[in-house]
Structure formats: structure tokens, C-alpha cells
Amino acid sequence: MAKRRPVIITCAITGAIHTPSMSPHLPATSDAIVASAVAAGKAGATILHLHARDDETGKPDQSVEGFANIVPAIRAQTDAILNLTTGGSPYMSVAERVRPAAHFAPELASLNMGSMNMGLFPMLARHPELGGWEKQHLEGSRDLVFRNSYQDIAHVLDACRDNGTRFEFECYDTSHLYNLAHFADQGAVEPPFFVQTVFGLLGGIGAHPDDIAHMRRTAVRLFGDDLVWSALGAGAHQMRVAATVAAAGGHVRVGLEDSLWAGPGQLATSNADQVRMATSLIEGLGGLVASADEARALLKLQTQKAFA
């Protein structure tokens, strides 16, 4: 009997793109983030990708204090791997963005592998009711470069080097894969390389099957057997990309950070619902969802330190 392939499901809980008024189901307070993350873990998520938010406004919050409101509580209630963002918000400096990962020394942290235009403003057409900081968050992206220079990337690597933290390398376009290969050639990062290719966000590569095949083909050529490939689709592309990637032998990412939707015109009611949808997709393709310990072995994660 053929062995079923374990597939990692990463669930991105809240992110820094969507704003609270877009969906009543987006977790936008510390308590809501904790509850949603724990529920996603119970639903089967292998990895929980975490951002924090200000409890009063729902704005992205990259302070150590903001993460202290969520990380220990989530860690106490799930064995899922915690992946702390160093991307934060594109409006933040790299010094701000890296502080939580440098402080908490997680098993895994995200690392954006290149600068890019990040166009969030098309969502204004779908959400004309937005005002205040939420409207400006989207409108301001018309003139927004999400900076991730070589110096910025090196800063994140250096800040986390002594922690034993490994990285999910987020690649929004082909050049980002080559940037990762550069750092690998310099010995600044070590295999295996957990590459999260991102599709369908304005400013990055599209979500056409040809785009997915191109990114996979390039990553395989650059990293060979050292590659652990995963992908996410933004917005309505989410489950289509997940299906394409899972069928091609990759791992998948879902969550309300990436898409607020469960189908055309239907808001997802929780992160756990999207995890269950991804689980059904993976099992329908003959795979099974990887456990946290299976993913730890695959990604060669180090023994986690106690969170301060």
C-alpha cells in the first residue's frame, strides 16, 4: 500500500492586511487571536503564523508587549508550531518588525525575501464604508514600498541567529527566490529551506497556474532536495492555489490573514473553518495533514526555549 504524504497546513491567524471592519470574524484583539489560534490548532493546523493587534483599535501591533498578550497563552494550549512574523506591517521599520521574534525565540519566524510594491488599495472598492485608520491603511498603499533590502534581511537573520529560530522564507516573486539563493550561497541560511511562495497579491506574482508552476520550477532548480515548498493564495485565490500546490506535492497555507472568504460572497466564520477546508482538500488528494512533530522533523526545528 502506498504511503500517504504528510502535508503541512500553516494557518495565518490575523495578519496586517485586513482591517476589523471588513469582517466580524477577523480576530482583532488579543483574546480573539488566542481563541482563534487555539481553535485552528485543534482543527488540525500544523503551524500557526502569528501577528498581534492593538486591543483598542485593531491596528497591527509589533511590540513585544503586544505579542506577550498572545504567545504564552497560545503556547500553553496547543502543540502546534508557532511562527512569529518579522514582516509585521509594510508601514513598519525592520527594527520594529524583528523585536518579537528576537525576544521570544520561537521555533519558526517568517522572513520576507525582497522589497515590493504592496497594493492594498483595490480593497477600497469592496469596502467603501471604511474610515479612519482603516481607510488610510489601504489608501496609503498607492505609494507604499514594502522594504526588505539585503541589509534588512541580514538584520533579521543576525537578530535571531543565537535563538536557534529557523525561518519560513516568504517569496512574492521570482527575484525573491534568487535573493534566498544568494543568502544560502553566502552561508547565512542553512537547509532545509521552508519556502512560502505567495500568489495573487497586487505587487507580487499572479495566481495563474502558470505562475505557480514557474515559481515551483525555479525553487526546485535553485534548492533541489533542500526545498520544503509551501504556498498561499490571496483572497479568492486561496483554495484554488492550495489545491494546485497540494496536488503538485507542496504544503499549504490558509487563514484569515490571507483571505476572509469561504466561497464566493461567503465570509469565512473562523480560521478553523479554513483549516478544515484545507484538510478535506488534502485528504481528497490522498494526503494527510502533518502533525507538528512531523513538521519539526522535516524542517529541522530546534528544541524550543521557554517563552519569556
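**Notebook: barrel strands, buried charges, ring pairs**

I started at strand 5 and found Leu 108 opposite Arg 166 in strand 8. The model is a predicted one. Strand 5 covers residues 108-112, and I noted five bridges joining strand 5 to strand 8, with the two running parallel.

**Entry 1. The sheet**

I followed the pairing from strand to strand. Eight strands close into a barrel, in the order 2-3-4-5-8-9-10-11, with parallel pairing. I looked up the turn between neighbouring strands of this sheet, which is 25° on average, direction ignored. Next I checked what packs on the sheet: helix 9 (residues 238-247) does, touching strand 9, strand 10 (227-233) and strand 11. The direction of helix 9 makes about 155° with that of strand 10.

For the background I wrote down that strands of a sheet pair through backbone hydrogen bonds, either parallel or antiparallel.

**Entry 2. Strand 4 and its two neighbours**

I took strand 4 next, with strand 3 on one pairing and strand 5 on another. Strand 3 (residues 47-50) is joined to strand 4 by four bridges, and the two run parallel. Leu 48 has Leu 82 in strand 4 as its bridge partner. Strand 4 pairs with strand 5 over two bridges, also in the parallel sense. There I found Leu 84 opposite Ala 109 in strand 5.

I then asked which residues of strand 4 point the one way and which the other. Ile 81 and Asn 83 point one way, Leu 82 and Leu 84 the other way, and all are buried. I set beside this the general rule that in a regular strand the side chains alternate between the two faces of the sheet.

**Entry 3. Asn 83**

I picked out Asn 83, which sits in strand 4 (residues 81-84). Is Asn 83 buried or exposed? Asn 83 counts as buried because its relative accessibility is 0%, and the cut-off for buried is under 20%.

I listed the contacts of Asn 83, leaving aside neighbours within four places in sequence: Ile 47, Leu 48, His 49, Leu 50, Leu 108, Ala 109, Ser 110 and Glu 168. One of these, Glu 168, also makes a polar contact with Asn 83, side chain to side chain, at 3.1 Å. This led me on to the charges.

**Entry 4. Salt bridges**

I counted eleven salt bridges in the structure. The general point is that side chains of opposite charge can pair when their charged atoms come close.

From Glu 168 I went to Arg 253: the two form a salt bridge, with the closest N and O atoms 3.5 Å apart. Glu 168 lies in strand 8 (residues 166-171) and Arg 253 in strand 11 (residues 251-254), so this pair ties together parts 85 residues apart in sequence. Both Glu 168 and Arg 253 are buried.

Arg 253 has another salt bridge, with Glu 170, at 3.1 Å from N to O. Glu 170 is in strand 8 and Arg 253 in strand 11, so the pair ties together parts 83 residues apart in sequence. Glu 170 is buried, as is Arg 253. I traced the shared partners further and found Glu 168, Glu 170, Arg 253, Glu 257 and Asp 258 joined into one network.

I also looked up the salt bridge of Asp 152 with Arg 147, where the closest N and O atoms are 2.7 Å apart. Asp 152 is buried, at a relative accessible area of 6%, whereas Arg 147 counts as partly exposed, at 46%.

**Entry 5. Aromatic pairs**

A search of the whole structure gave me four aromatic pairs. One of them is Tyr 150 with Phe 183, which is tilted: 6.3 Å centre to centre and 35° between the planes. Tyr 150 is in helix 6 (residues 150-160) and Phe 183 in helix 7 (residues 174-185), 33 residues apart, and the pair links distant parts of the chain. Phe 183 is buried, at a relative accessible area of 7%.

Phe 193 and Phe 223 form another tilted pair, with 5.3 Å between centres and 55° between the planes. Phe 193 is in strand 9 (residues 193-199) and Phe 223 in helix 8 (residues 209-223), so I logged a link between distant parts of the chain, 30 residues apart. Phe 193 counts as buried at 5% relative accessibility, and Phe 223 is buried with a relative accessible area of 7%. Ring pairs link both of these with Phe 167 and Phe 169 into a cluster.

Methods. Residues numbered from 1 in each chain as written. Predicted model: local features only at pLDDT ≥ 70, side-chain atom pairs only at ≥ 80, totals over all residues. Heavy atoms only, no water. Phe/Tyr/Trp six-rings, centres within 6.5 Å; stacked < 30°, edge-to-face > 60°. Buried < 20%, exposed > 50% of the residue type's maximum accessible area, 1.4 Å probe, protein only. Polar contact = N/O pair within 3.5 Å; in protein donor to acceptor, adjacent residues only side chain to side chain. Contact = heavy atoms within 4.5 Å. Salt bridge = Lys/Arg side-chain N within 4 Å of Asp/Glu carboxyl O. Pairing = 2+ DSSP bridges. Axes fitted to C-alpha atoms, helices over the stretch in contact; angles between N-to-C directions.
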